[in-house]
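Got the viewer open? Let's take a walk through this one, from the whole chain down to a single side chain.

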Amino acid sequence: MELCMCCMEVNMAKYCIECGTLLIEKELENEGLIPFCPSCGEYRFPQYNVAVSMITRDEKTGKILLIQQYGRPFYILVAGYVNRGEMAEQAVKREILEETGLHVTRIRFNRTRFFEPSNTLMCNFTAYVDNAEAIAVNSEVDAYSWFTPEEARENIRHNSLAEEFLVAYLDEVE
């Protein structure tokens, strides 16, 4: 029996995170059918993780940063989870600073997509940096490269959410 501690999900049946009682669906005005705990008498709205992914662009050259991580041979976008109480925009700046040492000068929101495998709402942004030459990656990053938009499109991991975000962005702005 597999137990997911983030939502106490066992074999697709959902249980109350407070008392473990099997949830039922109950109508909530203006919300529709919502999981409800008959024991606690409380609605239990779905819970999920929130993460940010960034199309990191050099303000001077327009090039896009792609990274490799965790021994994998493919390029992806810089990304990371949003901490409790943190705004997504703060997470963008923090993650880029932590992983690359670069300072974000401005941010543009692109789009979101729910990523089922990790129960995560992915929020994609374009983050502009003005000091690309000062990059100093941390131990989370195995390799990196700055690509022209065309090269980035070719080198991003194919059939990935990172590719989906990058291609949609490039199709809109290029």
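A contact here means heavy atoms within 4.5 Å. With that in hand, start with everything selected: of the contacts in the chain between residues at least 6 apart in sequence, 56% join residues at least 24 apart. Keep in mind that this is a predicted model.

**Whole chain**

Color by pLDDT. The chain average is 91, and 93% of the residues score at least 70. Now select residues 1-12, where the pLDDT is below 50; the stretch still has 20 contacts in the model beyond near neighbours in sequence. Where pLDDT is low, the predicted coordinates should not be read in detail.

Switch to cartoon. You should find three helices and eleven strands, and tracing along the sequence gives β-β-β-β-β-β-β-β-α-β-β-β-α-α. How does the radius of gyration of the chain compare with the globule rule for 174 residues? At 20 Å, the radius of gyration is well over the 16 Å that the rule gives, so the chain is more spread out than a compact globule. Along the principal axes, the C-alpha atoms fill a box of roughly 60 × 35 × 30 Å.

Turn on the surface for a moment. The accessible area comes to about 10100 Å², with 50% of that belonging to carbon and sulfur atoms. Buried residues account for 39% of the 174 in the chain.

**Helix H1**

Next, select residues 88-100, which form helix H1. Put a distance between the end C-alpha atoms: they are 18 Å apart, which agrees with the 18 Å that 13 residues should span at 1.5 Å a residue.

Show side chains. Which residues of H1 are buried? They are Ala 88, Ala 91, Val 92, Arg 94, Glu 95, Ile 96, Glu 99 and Thr 100. As you look at the spacing, recall that an α-helix has 3.6 residues a turn, so residues three or four places apart point the same way.

To see what covers the buried residues of H1, add strands E6 (49-58), E7 (64-69), E8 (78-81), E9 (104-115), E10 (120-129) and E11 (141-147), which are among the covering elements. Then step just past the helix to Gly 101, whose phi is positive, at about 75°.

**Ala 132**

Last stop: the loop between E10 and E11, where you'll find Ala 132. Is Ala 132 buried or exposed? Its relative accessible area is 6%, so Ala 132 is buried.

Select its surroundings. Setting aside neighbours within four places in sequence, Ala 132 is in contact with Asp 58, Leu 102 and Trp 146. Ala 132 and Trp 146 are 14 residues apart along the chain, and their C-alpha atoms are separated by 8.8 Å.

Key
Residues numbered from 1 in each chain as written. Predicted model: local features only at pLDDT ≥ 70, side-chain atom pairs only at ≥ 80, totals over all residues. Heavy atoms only, no water. Helix = DSSP H or I, 4+ residues; strand = E, 2+ residues; numbered from the N terminus. Expected span 1.5 Å × (residues − 1). Buried < 20%, exposed > 50% of the residue type's maximum accessible area, 1.4 Å probe, protein only. pLDDT = per-residue confidence, 0-100. Rg over C-alpha atoms; globule rule 2.2 N^0.38 Å. Areas by Shrake-Rupley, 256 points an atom, 1.4 Å probe, with all protein chains shown as cover.
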